[in-house]
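Thanks for making the time this morning. I would like to walk you through one model, moving from a single residue outwards to the sheet and the cores.

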Amino acid sequence: MKIDIMTLFPEMCQRVLDESIIGRARKSGKVEISCVNIRDFSGNKHNKVDDTPYGGGMGMVMSATPIYNCFNSLYNPETEQKPHLIYLSPKGKTFTQKKAVELSKLDRIVLLCGHYEGVDQRVIDEIVDEEISVGDFVLTGGELPALTVADAVCRMLPGVLSDEVCFTEESHFEGLLEYPQYTKPDTWMERKVPEVLLSGHHANINKWRREKAIEETFKRRPEMLKDAKLSKKEQEFLKTLLKDVGTDQ
């Protein structure tokens, strides 16, 4: 898979992408990620990529032409299919694990990082395929959201993680939050690891983990349970949780 990040701060993105699991995946060729500086396509000696908004108002707006030219430099429209372009925007649909999996199945995506008061709507209408938000808050730029999307997508690619179970048991992958995790020592500050995890009985451990995942989701994000895939026994377990808090299902 190839990911291009269109940004005003390529060095910032590069430093993050060179580290940890994603950095190793890049070095091993599991994924190709490039950070492209939009200023290189400004067309003026001052590398200016923004201007005042029509109609007045505070701040500046990123101009259409540098973004358009930057995007067109990434592929040959005569021989290549247009890459899927995502604009990181607080107005976009909220990013989810499901969307990460969906994007990981594409051959190529381009992430556009906005700044200032946003991007000229005309270039959005012309080349952007979808807008994505990482939450109901506003940041100073799209770099952190773009890095978040890139990281989440890369982790879904074959060979990036050591084993598929590394992500299939994580929070959100199957509509549930992850079960609690413990490591050595088995007693810390008089708090003991649950006995079932020390038993070596894998069936019981898996059952405990699954029920704890349902319980964590019920306590913290109950709305997620509507779409969670639960067996009949797990549905019965959920009913006991509902009963304990005096809630009708």
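Let me begin with a question: is L103 buried or exposed? Please keep in mind that what you see is a predicted model. L103 has a relative accessibility of 1%, and because the cut-off for buried is under 20%, L103 counts as buried. This leucine lies in helix α4, and, leaving aside residues up to four places away in sequence, L103 touches M1, H84, I86, F95, I109, E130, I132, V149 and V153. As for its distance from I22, which is 81 residues away along the chain, the two C-alpha atoms are separated by 16 Å. The helix that carries L103, α4, lies across β5, β6 and β7, and runs at about 140° to β7.

That brings me to the sheet itself, which is open and made of 5 strands in the order β2-β1-β6-β5-β7, with parallel pairing. β2 and β7, the latter spanning 130–133, stand at the edges with a single partner strand each, so one side of each has no neighbour in the sheet. On average, neighbouring strands here are turned by 30° against each other, direction ignored. β1 and β2 pair in the parallel sense over 6 bridges, and D4 stands opposite S34 in β2. Helix α3, residues 64–72, lies across β1, β2, β5 and β6, running at about 160° to β1.

Now to the interior, where, as a general matter, nonpolar side chains in soluble globular proteins tend to be buried together. The largest nonpolar core here has 27 residues, of which I3, I5, L17, I33, L103, L111 and V149 touch the most other members. Among the elements that each supply at least two residues of this core are β1, β2, β5, β6 and α4, while α6 gives the most, with 7 residues. L111, again setting aside residues up to four places away in sequence, touches I3, D4, I5, M6, I86, L88, A146, V149 and A150. Apart from this core lies another, of 21 residues, including M62, V110, V119 and V123.

I will finish with a charged residue, E215, in helix α9, which covers residues 202–220. Which residues does E215 touch, not counting those up to four places away in sequence? They are F237 and L241. With a relative accessible area of 17%, E215 is buried, because the limit for that label is under 20%.

Key:
Residues are numbered from 1 along each chain as its sequence is written. This is a predicted model: local features need pLDDT of at least 70, side-chain atom pairs count only at pLDDT 80 or more; totals for chains, interfaces and linings use all residues. Side-chain values use heavy atoms; hydrogens and water are left out. A nonpolar core is a set of buried Ala, Val, Leu, Ile, Met, Phe, Trp, Tyr and Cys residues joined through side-chain atoms within 4.5 Å. Buried means under 20% relative accessible area, exposed over 50%, partly exposed in between (1.4 Å probe, protein chains only). Helices (H or I, at least four residues) and strands (E, at least two) are DSSP runs, numbered from the N terminus. Contact means heavy atoms within 4.5 Å. Two strands pair if DSSP finds at least two bridges between them. Axes are lines fitted to C-alpha atoms, for helices over the stretch in contact, and angles run from 0 to 180 degrees between N-to-C directions.
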